[in-house]
Every structure is written in C-alpha cells, then in structure tokens.
Amino acid sequence: MEPFRPTRGGGVRAALAPAEASLLRSLVGQVLTLIAPDGPPVAHVQPDGVSAWDALDALDAQLTAPQTPEDPVLARLLPDGYRDDPDAANEFRKYTESGLRGAKQQAAQEMLDTLPEAGGRIQLTNDQAHAWLKALNDVRLALGVRLGVTEEFEEQWNRLAADDPQWAAYEVYAWLGAVQESLVQALA
C-alpha cells in the first residue's frame, strides 16, 4: 500500500494493491451484511383528522424497542446508550439504532463506491475520506471483537505461532490500523 497523502484540493490520495482492495471490499461487505436491519422500516401515514401528537403516539406504539444484540460484534457496533439501566438503554436504542445502522451503512457504501475493485490509485474528497475512517473503524472494531483484542494487542499477537490461523487475522488487524492511521495523518 502507498499510504494516504493529502492533495492540493483538500482531499487525500493513496494506492492499494489488488489483494488489499479485495480484502477491504470483503471486510466492509461483511460489516454491511452484519449491520443490515432485520426487518422493514416502520411506515406511517397520518390519517386526516388525526392530530400530529396522536399520530406521533401511534408511531411510538408501533416502534418496538430493539434489544441489545446477542452477537458481541453487533453489540460493539451498536452499543447501549445506558450501560447501567437496561430499560433506558432499550428506550434509547428504540429511537437511535435505525439511524446508527443507516449512518454505518452509508459510510461503508461510500467506501465501497470509491474503492477500485482491482486496486490502484484512490483519490478521495474530505467527505469521502471521513466516510472511509468511519467504515475502517467499524471493520477494525468487528475484527477486534472477534479476535478478543485488548490493550495488550502486541503481546497477544506475539504469543501466536506464525502457523496459528489467528496470526493472519492479527496481521490484517494491524494492517487496518496502519491504513486508518495514514488516513488520519493525511487529513490532519
């Protein structure tokens, strides 16, 4: 990978090898699949003669508070708003989870849309680069949870033998961190 560098127009540029682009596309696609909503959005049309408050109450009654996801990766990507109060966390989630999922999907899709399938040069605007940061962060969070990464990441990785199947995943995690860091530095 050629690290991200700032451009004169205010964006950033980099270059990826075909295998790197393929890996990123696969990982971002997996996160997109994971955060996809489970069901269709609630649609509501306000009937004639019904006040806006009554319509809002009816919509609120239709919304069921989603629960904290059982999948630890999804729980990390869609965290509770209140850790010590499950009822407040569910109520908060009821109104925010859909928007959070949508924002994560938008960032991931923006990354996929600007990531050449065969690798090569990448030129991003500031907005596109920020979408990449969000999508990369979600990929790293997901992989980090699956690997059980802690603050002692280096020690965890060093304890693995080179032929351990997790060794490659730790290498990918470290590489994602380097990509993210180069993008942050290019935007600074």
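Below are questions and replies on how the terms apply to this predicted model.

Me: What makes a feature of this model count at all?
Reply: The model is predicted, so local features need pLDDT of at least 70 and side-chain atom pairs count only at pLDDT 80 or more, while totals for chains, interfaces and linings use all residues. Residues are numbered from 1 along each chain as its sequence is written, and side-chain values use heavy atoms, with hydrogens and water left out.

Me: How do you know what confidence the protein chain has?
Reply: pLDDT is the predictor's confidence in each residue, from 0 to 100. The mean for the protein chain is 87, and 86% of its residues reach 70 or more. Among the elements, strand β2 (residues 12-16) has the highest mean, 97, and helix α2 (residues 52-62) the lowest, 61.

Me: Why should residues 39-45 be read with caution?
Reply: Over residues 39-45 pLDDT stays under 50, and the model has eight contacts for them beyond four places in sequence; a contact means heavy atoms within 4.5 Å. Where pLDDT is low, the predicted coordinates should not be read in detail.

Me: What makes a stretch of the protein chain a helix or a strand?
Reply: Both are DSSP runs numbered from the N terminus: helices are H or I with at least four residues, strands are E with at least two. By that rule the protein chain has seven helices and three strands. From the N terminus on, their order is β-β-α-α-α-α-β-α-α-α.

Me: How do you know that β1 and β2 pair?
Reply: Two strands pair if DSSP finds at least two bridges between them. Strand β1 (residues 2-6) and β2 run antiparallel and are joined by three bridges, so the condition of at least two is met. P6 stands opposite V12, and E2 stands opposite A15. The hairpin has five residues between the strands, and G10 takes a positive phi near 100° there.

Me: What makes β2 and β3 a pair?
Reply: β2 and strand β3 (residues 120-124) pair in the antiparallel sense over five bridges. L16 stands opposite G120 in β3.

Me: Why is T7 called buried?
Reply: Buried means under 20% relative accessible area, exposed over 50%, and partly exposed in between, with a 1.4 Å probe and protein chains only. T7 has a relative accessible area of 18%, and is therefore buried. T7 sits in the loop between β1 and β2. Leaving aside neighbours within four places in sequence, T7 is in contact with V12, R13 and Q123.

Me: Why is β2 described as largely enclosed?
Reply: Four of the five residues of β2 are buried, so the rest of the structure largely encloses this strand. For the protein chain of 188 residues, 35% count as buried.

Me: Why is E20 called buried, and what does E20 touch?
Reply: E20 has a relative accessible area of 16% and is therefore buried. E20 lies in helix α1 and touches M1 and W175, not counting residues up to four places away in sequence.

Me: What makes the approach of E20 to M1 a polar contact?
Reply: A polar contact is a pair of N or O atoms within 3.5 Å; within protein, one must be able to donate a hydrogen and the other to accept it, and residues adjacent in sequence count only if both atoms are side-chain atoms. The side chain of E20 reaches the backbone nitrogen of M1 at 3.1 Å. At the start of α7, a side-chain oxygen of D164 comes to within 2.7 Å of the backbone nitrogen of Q166.

Me: How do you know that the span of α7 is close to the expected one?
Reply: The expected span of a helix is 1.5 Å times one less than its number of residues. Helix α7 (residues 165-187) has 23 residues, and its 34 Å from first C-alpha to last is close to the expected 33 Å.

Me: What covers the buried residues of α7?
Reply: The cover includes β1, β2, α1 (18-35), α5 (126-147) and α6 (153-158). Among the buried residues of α7 are Y170, V172, W175 and L183. V172 touches L23, L27 and L143, not counting residues up to four places away in sequence. V172 and E20 are 152 residues apart in sequence and 9.8 Å apart in space, C-alpha to C-alpha.
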